[in-house]
Structures are given as C-alpha cells and as structure tokens.
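Colleague: I am new to this structure and would like a close look at a single part of it, rather than a tour of everything. Please choose one loop, begin there, and follow its connections outward, one step at a time.

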Amino acid sequence: MLHNYAKLLIHTGVNLRKGEYLILEAPTDAAELVRECTKVAFERGAKDVIVFYTDALNDKIRLQYAEKEEIEEVKDWQAESRNYYLQKGACSLLIKSSYPYLFEDVPGDKSSAYQSFTNTLRNNIRASIRKDGTKWCIASYPNPLWAKTLYPDCDTQEAVDKMFNLMCEICQIQKDKEPSVSWMEHI
C-alpha cells in the first residue's frame, strides 16, 4: 500500500516527467514514504530528488530555547536551495503530518515566529506555482501522536496502521489496482 501511495503522489499528484527534479519536503516521521516516493520518482525518470526533512520534536525544542528573531529568519541558503531547483523546473511534493497538542506549551510569539518562518520559506514555491506553473502536490502521512489522538484505545503501531489504511481508503488506493486508475475512476 505504501508503494501504491507513493505511485499516486508521483504519477498523479505531481505528474513527474522524465528529466524533472522533485523537491520533496516531509517530516522525519514520513521517512518510509519519502524513500518510496524517491524510488518511484527515479523509476519514472526523475533527474534528481531533493529531500528536505523537518522534525516536529526537534522544532519544539528549538522553539522553547531559541530567540524569536532566530526562529523567524529564513536564511539565504534555505531559500536558495529550493530556488535553485525551482528555476530548473522542479516539481514540489509536500508531505504533511499533524502533531496535535505538541506545541501547546510553546509561547505564542515563538509559535507565530515559526509559522512566519514556514510561510516565508514556502512562499518561493507558492510564487513559482502561480508564476511558472510549477507542478505540486500536498499529501498527508500519519505519525504516532496524530494517530493516537484519533485512535486512543489502540496501541501506537495499531493506531498508525489504522490511520494509514484510512488515508489509503480516502485516496482510493487499493492493494491490487494501479493507484492512478483508481483515483481517476473516483474522480
């Protein structure tokens, strides 16, 4: 099912073509999906796959200790690393994962600074989508905290598995059927 999800994201979500770059942004909890998407992208003929990971638990520690101004600032290298590939026609795949209640004890000004950082960092991709027609897709992937919030009576792995299976059902992913075909039939 993970392979089929990756195929749906690469083949249909960003519609990656031979010779294109793929910018793939994802939380560390989605590493297994990132690796599968990378494999599918290369099988599809990607020129390269550039992965940017985030780590919500590490981000929380940073928000607790770093100065607000440091949290908010997007460094030149961070923007330039994405812009380089956008200028070469890269596709953008953003994998999101929600972390309920994780940041609730972080001061509001630091949470706002982090949100500002995230928005500013992604603004170049958004601008490229509007201006240059950059192909893009945003997808979800479960993490233990999110899954346990939805399925509190399950053990952690069972909760993650249930949530992933639900996501596959919503995305029309079936075990023995080409995911793009199932998706187009649904549409």
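Modeller: Q172 has a relative accessibility of 23% and so counts as partly exposed, since the buried class ends at 20% and the exposed class begins over 50%. Please bear in mind throughout that this is a predicted model. Q172 sits in the loop between α8, which spans 156-170, and α9. Its phi is near 65 degrees, a positive value in a residue other than glycine.

The loop that holds Q172 also holds E178, and here a connection to another part of the chain appears. E178 forms a salt bridge with K7, and the closest N and O atoms of the pair are 2.8 Å apart. Because K7 belongs to helix α1 while E178 belongs to the loop between α8 and α9, this pair ties together parts that are 171 residues apart in sequence. The two partners fall into separate accessibility classes: K7 is buried, with a relative accessible area of 15%, whereas E178, at 35%, is partly exposed.

Beyond E178 comes helix α9, made of residues 179-186, and this helix packs against α1 at an angle of about 70 degrees, the two axes being 8 Å apart. An angle from 65 to 115 degrees falls in the perpendicular class, and α1 and α9 are therefore roughly perpendicular to each other. On the α1 side the contact is made by N4, K7, L8, H11 and T12, and on the α9 side by P179, S180 and W183. K7 thus appears in this contact as well as in the salt bridge with E178.

Helix α1 is the natural place to go next. Its buried residues are L2, N4, Y5, A6, K7, L8, L9 and I10, and what covers them includes β1, α2 (31-44), β3, β4, α8 and α9. A6 serves as an example from this helix: its relative accessible area is 0%, so A6 is buried. If residues up to four places away in sequence are not counted, A6 touches L33, E36, C37 and V40. The C-alpha atoms of A6 and C137 are separated by 12 Å, although these residues are 131 places apart along the chain. Following α1 there is N15, and the phi of N15 is positive, near 50 degrees.

To see what else α1 meets, one has to turn to the sheet. The sheet is open and has four strands in the order β2-β1-β3-β4, with parallel pairing. Its edge strands are β2 (48-54) and β4 (136-140), each of which pairs on one side only. On average, neighbouring strands are turned by 15 degrees against each other, direction ignored. Helix α1, residues 2-13, packs on this sheet and touches β1, β3 (91-96) and β4, its direction making about 160 degrees with that of β4. Helix α6, residues 108-132, packs on the sheet as well, touching β1, β3 and β4, and makes about 130 degrees with the direction of β3.

A second salt bridge joins distant stretches of the chain around these elements. The side chains of E20 and K135 meet at 2.9 Å, N to O. As E20 lies in the loop between α1 and β1 and K135 in the loop between α6 and β4, the pair ties together parts that are 115 residues apart in sequence. E20, at 18% relative accessibility, counts as buried, while K135, at 24%, counts as partly exposed.

Helix α6 also contains a charged residue without such a partner, namely K110. K110 is buried yet has no salt bridge, and the nearest side chain of opposite charge, that of E67, is 6.0 Å away. Because a salt bridge requires the nitrogen and the carboxyl oxygen to be within 4 Å, a separation of 6.0 Å leaves K110 and E67 without one. Leaving aside neighbours within four places in sequence, the contacts of K110 are L63, Q64, Y65, A66, K68 and I71.

One last residue can be set beside Q172, where this walk began. Y101 is found in the loop between β3 and α6, and its phi is also positive, near 70 degrees, in a residue other than glycine. Y101 is exposed, with a relative accessible area of 58%, whereas Q172 is partly exposed at 23%.

Notes
Residues numbered from 1 in each chain as written. Predicted model: local features only at pLDDT ≥ 70, side-chain atom pairs only at ≥ 80, totals over all residues. Heavy atoms only, no water. Pairing = 2+ DSSP bridges. Helix = DSSP H or I, 4+ residues; strand = E, 2+ residues; numbered from the N terminus. Axes fitted to C-alpha atoms, helices over the stretch in contact; angles between N-to-C directions. Contact = heavy atoms within 4.5 Å. Buried < 20%, exposed > 50% of the residue type's maximum accessible area, 1.4 Å probe, protein only. Lys, Arg positive; Asp, Glu negative; His and termini not counted. Parallel < 35°, antiparallel > 145°, perpendicular 65-115°, else oblique.
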